[in-house]
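Please look over the chain shown below and follow the report from heading to heading. Each part takes up one topic and stays with it.

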Amino acid sequence: MFRNQVTPLRSNVGNPIKISSVIVSNKSVKAQQAIINSFVLQNLSEAEQADYSPFFPDTFFISSQSNPFSPMNGATNYKLPPTSDFNFPVSSNAVWLAGLLNNMSPDPRDLSVEIEITLKEKKLIGGISYAGFSFLPYYLTEQGENSANYGLPREIKISWNDNKSGFIDDESSVTQEEPVSHSGIHYISIDPVKTDKIKIKFSDWPTIIKSSSVSGNDKLNLKLAYAFVLPFIVVYEHRESCHYAPHIPFGVLACLKNKDQLTDYFGFKKVSIDGMNVNEVSKLAINADYLYFINKSNVFCNLTCASITGQKRIFKPGTTNEYIEKFVSVPFDKKETIDLYLEQGEENSRCVAGLTLNFSALSPKFAPPDYGGTLKNPVMNIKVYEVDLPEGVSPLSLNFAFDSNKKYITLLFEDNFSANSALTCKFSRTSLSRYFLLRFLNIDKKRGQLCLDKIEMIQSAHVAITSRSSKIQRIEAINYRIIGEKLADDYAGLGEEGFSITVETLNAGNRKDVLFSADNLLTLLDSGNARLYANYRREEITTDVSEEIVTTHAGSKDIHSSSVNSSGWRRSETGKDVIWDDKFIIGGNSNTDISGLSNFNKGEFESYGNSENRNRTELISNEGAGNHKQFLKDFLNSIHVDANGPNGSDFKVDIEAIVADTDTAKLLIASDNFDWKTKAWKGFDTSADSLFRVGSIHSLTVPPFLGLLLNSAPDFNKIKQAVSNVSDKLNHPSFIIDLDQMSYLTEILGSFAVSILNGLNIGLNLSWTSCVGISGSFSSSGLLPHLDITSSTGSTGNIAKQANRTGYTYSQLLNFMFDNSRVITEFEESDMKRKVVRELNLPGTQKERKRGMEVMWQGKCLDIVTGKIPVGITLPATADKYYKTSDQAIRVRLGGNLALKNIEVDIWFDVSEENSKEDY
């Protein structure tokens with residue numbers, strides 16, 4: 001027999017340690033041609049950004065006539081396990097490591113690589129945590145090995161002592177060998193050692209599938225390579241604590257169909273996928289993860305069982321939709337089974353109380369096109385087994401020799417299930433097993449597929465050690481350790497939450513005997529096997545007598561600060577008839593002589609003041625003022641060509657003398673960087689037609705008798721054209737002339753005799769005001785159009801002056817005042833002796849028992865109770881043919897609300913184990 005210590009609550013995983021660098025320090029001879037990549041991750045999320053496509057099959061054939069299929073977009077991506085599985089934050093830095101060797105000639109056990117990790121400072125190292133690439137396709141060997149092993153080497157060695165101590169047998173390394181690894185997070189604990197450098201050696205590399213081809217006889221040929229990939233390696237500090245939470249991290253070893261169906265790679269025979277026949281592939285044991293092909297785009301992905309732990313890729317089969325991964329198995333018919341092998345993922349095995357299963361029919365989160373399966377969970381019989389094979393035997397070997405290995409499994413749960421929802425599997429007893437088997441038997445009439453979204457493993461609220469299949473166990477003793485802040489304050493209890501501990505034996509799930517029970521500190525100590533490590537306590541001193549000598553040295557200072565606030569009414573009156581009282585003049589002293597005060601006058605109150613206000617308004621010209629001159633020139637030139645004077649001479653005008661030069665008028669332009677639209681008037685802005693503009697006033701008068709004044713026949717068309725030209729130049733929307741009406745009046749009046757009009761005063765009158773006060777007018781005989789162009793500039797304003805005198809004032813107010821003063825007194829020297837007596841035991845005094853700080857635990861002042869409960873009970877191996885015993889267990893039942901974390905409890909067993917007799 002050999003001794004073992006079972007610690008179902010113990011944990012030594014502390015904070016992650018910062019990593020400075022990593023190098024490849026050594027390769028084995030057979031691994032010299034391998035490509036090794038390593039670098040430091042600043043945080044764990046960077047592991048999802050690395051390129052994992054070299055470790056995924058680049059091409060896949062499903063028949064000898066098919067096109068090659070490449071990985072779907074998202075199939076080669078990596079996803080971190082859920083944060084609930086981490087004992088450290090995602091912001092921790094780590095090491096990324098991968099290796100690839102395409103040469104398959106060497107033995108995998110001859111392949112090894114060693115890396116050296118340098119830490120930023122020396123820390124007390126507790127071990128490493130790492131994970132593999134969970135989405136690699138794999139097949140199974142008859143030895144129960146997962147070919148890809150999720151990218152994890154089967155042998156890992158950690159060494160940490162570079163400086164030889166001189167002792168030839170000084171152990172400075174830890175080696176872990178696993179025939180098969182799970183898909184979750186792994187831990188390797190070492191003896192606590194303070195160092196800033198460790199070496200890790202990875203040996204016995206797994207095999208990955210690089211591509212596939214199908215020969216003419218429909219035989220599947222795989223191209224393989226040796227490779228390993230670890231998306232992160234975290235080095236953590238040693239920190240002893242307890243794991244007491246419902247969630248237990250775990251990983252998946254593999255997913256398989258029952259033995260008779262393992263020769264069918266795709267899980268079904270001669271089924272059509274998008275018009276292509278997938279033929280049976282024989283003589284190869286492949287996992288039961290569903291391979292999903294899209295023939296239209298020639299892509300594929302494997303819907304791996306590793307996603308049930310929470311690691312879910314996001315697929316994009318086409319160009320639009322994205323799908324969140326869920327586990328889908330190959331189809332299985334009635335009486336066929338799908339087996340899921342699970343393994344606990346903590347550094348120590350926990351007591352498992354059951355599982356929760358979340359089923360899914362894939363829709364609507366995952367309903368990809370061209371899906372070749374049935375997308376439906378059939379009615380199933382679900383069984384959960386505890387797997388306890390002899391040491392060194394892979395649990396996956398059960399699938400190849402299930403009947404002969406049935407003695408190494410124990411049924412914990414069984415139920416029939418038909419709905420696509422959640423199922424809680426509460427075990428018939430608490431299990432400390434490391435491995436579990438979930439068997440799904442199709443009892444439906446139709447073919448179906450196992451569709452799972454998530455599985456969660458639940459820890460027991462108690463601690464138990466149960467009979468094992470492969471070993472005889474003798475429970476020597478149960479050890480306990482209770483740590484709390486106020487554990488020893490009152491011997492009538494255990495902590496503030498009323499904690500209790502009970503040790504009992506179970507037979508077939510029912511309580512048989514109570515071996516020990518305690519719900520207070522006194523009972524624990526009275527058992528004779530408990531020790532109390534408590535911080536000392538003393539009663540408060542009630543009387544204190546002391547003599548003191550107080551000396552003040554030269555240069556000492558006494559600083560006083562004071563503050564005064566006041567409130568009240570104040571009233572003041574000043575004027576000619578006000579009576580003055582001398583006592584209010586200075587300091588409130590009526591005897592004060594004020595005759596000598598300078599500038600003191602009892603004259604009456606007078607105050608004088610004056611003010612002057614000015615305002616000015618400036619007129620600006622319109623925007624078109626600079627063009628008025630040209631408008632007048634064009635108009636006068638167009639009408640004087642055919643207009644003759646009284647003597648037949650041409651009617652000419654000195655235009656330059658009449659129209660003055662004008663400049664562009666000053667404008668008000670809005671600021672570019674000010675929000676005028678919402679805060680102020682917009683002003684004049686010539687750059688924006690939508691804003692308000694200053695316009696000019698134009699008028700044109702054309703009398704209807706123009707044709708009677710001309711010696712020759714009236715040329716109405718030219719007059720009309722001249723007026724039209726002026727209208728075009730002015731280009732103002734409100735300037736409208738009814739030319740047709742003017743023509744009509746001219747024709748009517750032209751038939752009258754000239755003598756009728758001899759008494760009329762007719763002629764041309766032009767007047768304008770251009771800018772800067774320039775104005776002019778012109779008139780002559782003859783009836784011509786009248787043009788007014790008006791624009792104004794200059795300024796106007798007014799000045800107002802005011803004076804005042806006041807001869808009497810009176811005011812009354814409510815006053816609030818605050819004064820603050822600071823006084824510094826410097827002493828030369830002083831000496832004082834005194835005797836002080838303090839009586840503390842007076843009525844109303846509250847007595848307390850003070851706590852010292854003698855016992856420390858991880859930097860805190862805590863009380864500790866430790867003890868050992870002798871047991872001396874043997875649990876026979878259930879697989880031993882010489883014993884016909886029922887299921888037995890020893891359980892430590894923990895009372896009180898431990899989830900509040902007021903106390904920390906650790907329970908462990910001293911066990912002597914012996915292999916089952918028939919296994920010798």
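## A nonpolar patch at the surface

In this predicted model, Leu-814 lies in strand E43, which covers residues 809-826. Leu-814 counts as partly exposed because its relative accessibility is 44%, and partly exposed residues are those between the limits of 20% and 50%. Together with Trp-569 and Phe-816, Leu-814 forms a nonpolar patch on the surface, and the accessible area of these three residues taken together is about 410 Å².

## The sheet from E14 to E25

Five strands form an open sheet in the order E14-E22-E27-E24-E25, and their pairing is antiparallel. Strand E14 (250-257) and strand E25 (409-417) stand at the edges of this sheet with a single partner strand each, so one side of each is left without a neighbour in the sheet. On average, and with direction ignored, neighbouring strands here are turned by 20 degrees against each other.

Within this sheet, strand E24 (residues 380-387) and strand E27 (residues 435-442) run antiparallel and are joined by eight bridges. Val-384 has Leu-438 of E27 standing opposite.

## The sheet from E1 to E33

Another open sheet of five strands, again with antiparallel pairing, follows the order E1-E50-E30-E48-E33. Its edge strands are strand E1 (2-6) and strand E33 (530-533), each of which pairs on one side only. Neighbouring strands of this sheet are turned by 15 degrees against each other on average, when direction is ignored.

The pairing of E33 with strand E48 (residues 863-875) is antiparallel and rests on four bridges. Ala-530 stands opposite Gly-867, a residue of E48.

## Asn-73 and its contacts

Asn-73 is found in the loop that runs between strand E5 (70-71) and strand E6 (94-101). Leaving aside residues up to four places away in sequence, Asn-73 touches Ile-314, Phe-315 and Lys-316. Although Asn-73 and Val-299 are 226 residues apart along the chain, their C-alpha atoms are separated by 8.3 Å.

## Salt bridges

The structure holds 27 salt bridges, and one of them joins the side chains of Glu-121 and Lys-123, with 3.8 Å from N to O. Glu-121 is partly exposed, since its relative accessible area is 47%, and Lys-123 also counts as partly exposed, at 25% relative accessibility.

A salt bridge between the side chains of Lys-312 and Asp-453 has an N to O distance of 3.0 Å. This pair links distant parts of the chain, 141 residues apart, with Lys-312 in the loop between strand E18 (299-303) and strand E19 (314-315) and Asp-453 in strand E28 (residues 451-459). Asp-453 counts as partly exposed because its relative accessibility is 22%.

## A buried pair and a network

Arg-313 forms a salt bridge with Glu-325, and their closest N and O atoms are 2.8 Å apart. Here too the pair links distant parts of the chain, twelve residues apart, for Arg-313 is in the loop between E18 and E19, while Glu-325 is in the loop between strand E20 (323-324) and strand E21 (327-328). Is each partner buried or exposed? Arg-313 is buried because its relative accessible area is 0%, and Glu-325 is buried as well, with a relative accessible area of 0%, where the limit for a buried residue is under 20%.

Salt bridges also link Arg-10, Glu-240, Arg-481 and Asp-906 in a network.

Definitions and conventions: Residues numbered from 1 in each chain as written. Predicted model: local features only at pLDDT ≥ 70, side-chain atom pairs only at ≥ 80, totals over all residues. Heavy atoms only, no water. Pairing = 2+ DSSP bridges. Helix = DSSP H or I, 4+ residues; strand = E, 2+ residues; numbered from the N terminus. Axes fitted to C-alpha atoms, helices over the stretch in contact; angles between N-to-C directions. Patch = residues over 30% accessible without salt bridge, like charges linked within 9 Å, V, L, I, M, F, W, Y side chains within 5 Å. Areas by Shrake-Rupley, 256 points an atom, 1.4 Å probe, with all protein chains shown as cover. Salt bridge = Lys/Arg side-chain N within 4 Å of Asp/Glu carboxyl O. Buried < 20%, exposed > 50% of the residue type's maximum accessible area, 1.4 Å probe, protein only. Contact = heavy atoms within 4.5 Å.
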